[in-house]
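Hi,

Here is the structure I promised to pass on. Have a look at it first, and then read my notes underneath.

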Amino acid sequence: MQAVANLMTGGSSGPKYLTGDKSSIDGFIDKFDVFLFDCDGVLWSGDHLFERVPATIQMLRDKGKQLVFVTNNSTKSRADYKKKFDSMGISANEEEVFGSSYSAAVYIARILKLEPPKNKVYVLGESGVEQELQAENVPYCGGTDPLLRREMLPEDFRHVADGSLLDDDVAIVLTGLDYHPSYLKYALGMAYLRRGAKFLATNIDSTLPSAGSLFPGAGSTSAPLIKATGQEPLALGKPSQAMMDAIEGKFQFDRKKACMIGDRLNTDIQFGIEGGLGGTLCVLTGVSKKEEFLEKGAQVVPSAYVDELGDLLG
């Protein structure tokens with residue numbers, strides 16, 4: 001039991017506060033060859049905090065560090081993130097991005113390897129999911145189809161019930177954050193699951209931080225199906241270790257020489273700890289506050305923490 005406790009707290013000595021301590025910052029950075037970044041919580045931390053982010057990323061590159069940009073945001077593809085990096089002056093390439101939509105697409109294409117024609121994915125989500133499925137040559141339906149963004153009509157109930165509105169080739173239901181939910185979409189998803197389709201989720205985040213507040217996360221998309229069917233999806237985003245295994249498989253690194261940097265304890269930091277990474281760094285510009293991991297009995301505790309990412313510049 002003690003070993004488990006130490007795993008979830010990242011060690012017994014407690015987290016080290018690095019902001020303003022240049023020697024400790026340098027020592028911390030020198031311990032790792034690879035840094036995994038949460039994109040949305042750390043890199044897009046607000047205009048007043050963003051100024052030093054590009055310089056921080058470049059500093060790590062100048063030190064020869066390998067960088068991986070990890071995100072649970074399923075609404076954007078790797079290409080979308082590359083465009084955002086470019087627009088904000090951050091040095092990154094598309095191959096360094098590993099999102100939950102990509103993780104799900106890789107899992108479906110390379111792990112499940114379903115035989116056609118019974119290999120289609122019914123998507124509850126946005127274009128980011130569709131783009132990554134296309135990149136892996138996985139057929140799909142649903143998603144951004146405008147015909148599903150409407151009220152459910154009386155005849156729809158009959159056609160879902162008798163199967164005439166369903167695609168017989170669907171073998172997987174994949175949920176991500178959906179900005180255009182509808183009762184019809186959920187009815188179709190439930191029908192496919194009742195037919196025996198596998199239930200996957202890009203991630204099950206409860207909330208989405210934006211504009212200085214919190215909004216429903218991707219977990220809100222899968223929640224109606226969980227309640228309706230009694231099934232739980234296999235989540236393929238942080239903190240799922242299926243995602244960590246896929247990242248390690250692609251980038252080939254020593255986990256003990258890698259550090260996860262993020263702003264959320266129950267996704268980013270837990271992801272790094274459960275993945276056996278050598279370190280975890282919490283950045284206090286997002287969801288989690290230091291009081292949560294400094295309190296007695298805290299379940300998830302990072303190795304170290306800083307006020308903002310730019311503090312790594314010293």
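Below is what I found, going from the overall layout to the smaller details.

One thing to keep in mind from the start: this is a predicted model.

**The two domains**

The protein chain splits into domain 1, made of 2-72 plus 239-313, and domain 2, which covers 115-235. Their centres, taken over C-alpha atoms, are 32 Å apart. Where they meet, five residues of domain 1 are in contact with seven residues of domain 2. About 500 Å² is buried between the two domains, and carbon and sulfur atoms give 41% of that. On the domain 1 side, the residues that lose the most area to domain 2 are Asn72, Arg264 and Val287, which together make up 73% of what that side buries.

What about polar links across this interface? There are four residue pairs in polar contact between domain 1 and domain 2, while the number of salt bridges across the interface is zero.

**The seven-stranded sheet**

Start with the open sheet of seven strands, where the order is 1-14-13-12-2-3-4 and the pairing is parallel. Strand 1 (16-17) and strand 4 (97-99) sit at the edges with a single partner strand each, so one side of each has no neighbour in the sheet.

Helix 2 (residues 22-30) packs on this sheet, where it touches strand 1, strand 2 (34-38), strand 12, strand 13 and strand 14 (304-306). The direction of helix 2 makes about 130° with that of strand 13. If you want to look at one pairing in detail, try strand 12 (residues 258-262) and strand 13 (residues 279-283): they run parallel and are joined by four bridges. Within that pairing, Met260 has Thr280 of strand 13 as its bridge partner. Another helix to find is helix 5 (residues 53-62), which lies across strand 2 and strand 3 (66-71) and runs at about 140° to strand 3.

Back in helix 2, there is a salt bridge to look up. The side chains of Asp26 and Lys22 meet there, at 3.4 Å from N to O. Why can such a pair form? Side chains of opposite charge can pair when their charged atoms come close. Asp26 and Lys22 are four residues apart in helix 2, about one turn of the helix. For the model as a whole, the count comes to 16 salt bridges.

**The five-stranded sheet**

There is also an open sheet of five strands, with parallel pairing and the order 6-5-7-8-11. Its edge strands are strand 6 (140-142) and strand 11 (234-235), each of which pairs on one side only. Inside this sheet, strand 5 (residues 120-124) and strand 7 (residues 170-175) run parallel and are joined by five bridges. There you can find Tyr122 standing opposite Val173 in strand 7.

Two helices that pack on this sheet are worth finding on screen. Helix 8 (residues 127-135) touches strand 5, strand 6 and strand 7, and its direction makes about 160° with that of strand 6. Helix 10 (residues 183-194) touches strand 5, strand 7 and strand 8 (198-201), with its direction at about 145° to that of strand 5.

**A hairpin**

Next, look at strand 9 (residues 207-210) and strand 10 (residues 213-216), which pair in the antiparallel sense over four bridges. Together they form a hairpin with two residues between the strands. One of the pairs puts Ser210 opposite Ser213 in strand 10. In the turn, Ala211 has a positive phi of about 55°.

**Backbone details in the loops**

Where are the cis peptide bonds to look for? One joins Pro116 and Pro117, with omega at about 5°. Another runs from Lys238 to Pro239, with omega near 5°. Pro117 lies in the loop between helix 7 (100-112) and strand 5, and Pro239 is in the loop between strand 11 and helix 12 (241-251).

The loop between helix 7 and strand 5 also holds Lys113. This residue has a positive phi of about 50° although it is not a glycine.

That's my tour of the model; over to you.

Best wishes

Terms used
Residues numbered from 1 in each chain as written. Predicted model: local features only at pLDDT ≥ 70, side-chain atom pairs only at ≥ 80, totals over all residues. Heavy atoms only, no water. Pairing = 2+ DSSP bridges. Contact = heavy atoms within 4.5 Å. Axes fitted to C-alpha atoms, helices over the stretch in contact; angles between N-to-C directions. Domains from an automatic or database assignment. Buried area = accessible area lost by both parts, 1.4 Å probe. Salt bridge = Lys/Arg side-chain N within 4 Å of Asp/Glu carboxyl O. Polar contact = N/O pair within 3.5 Å; in protein donor to acceptor, adjacent residues only side chain to side chain.
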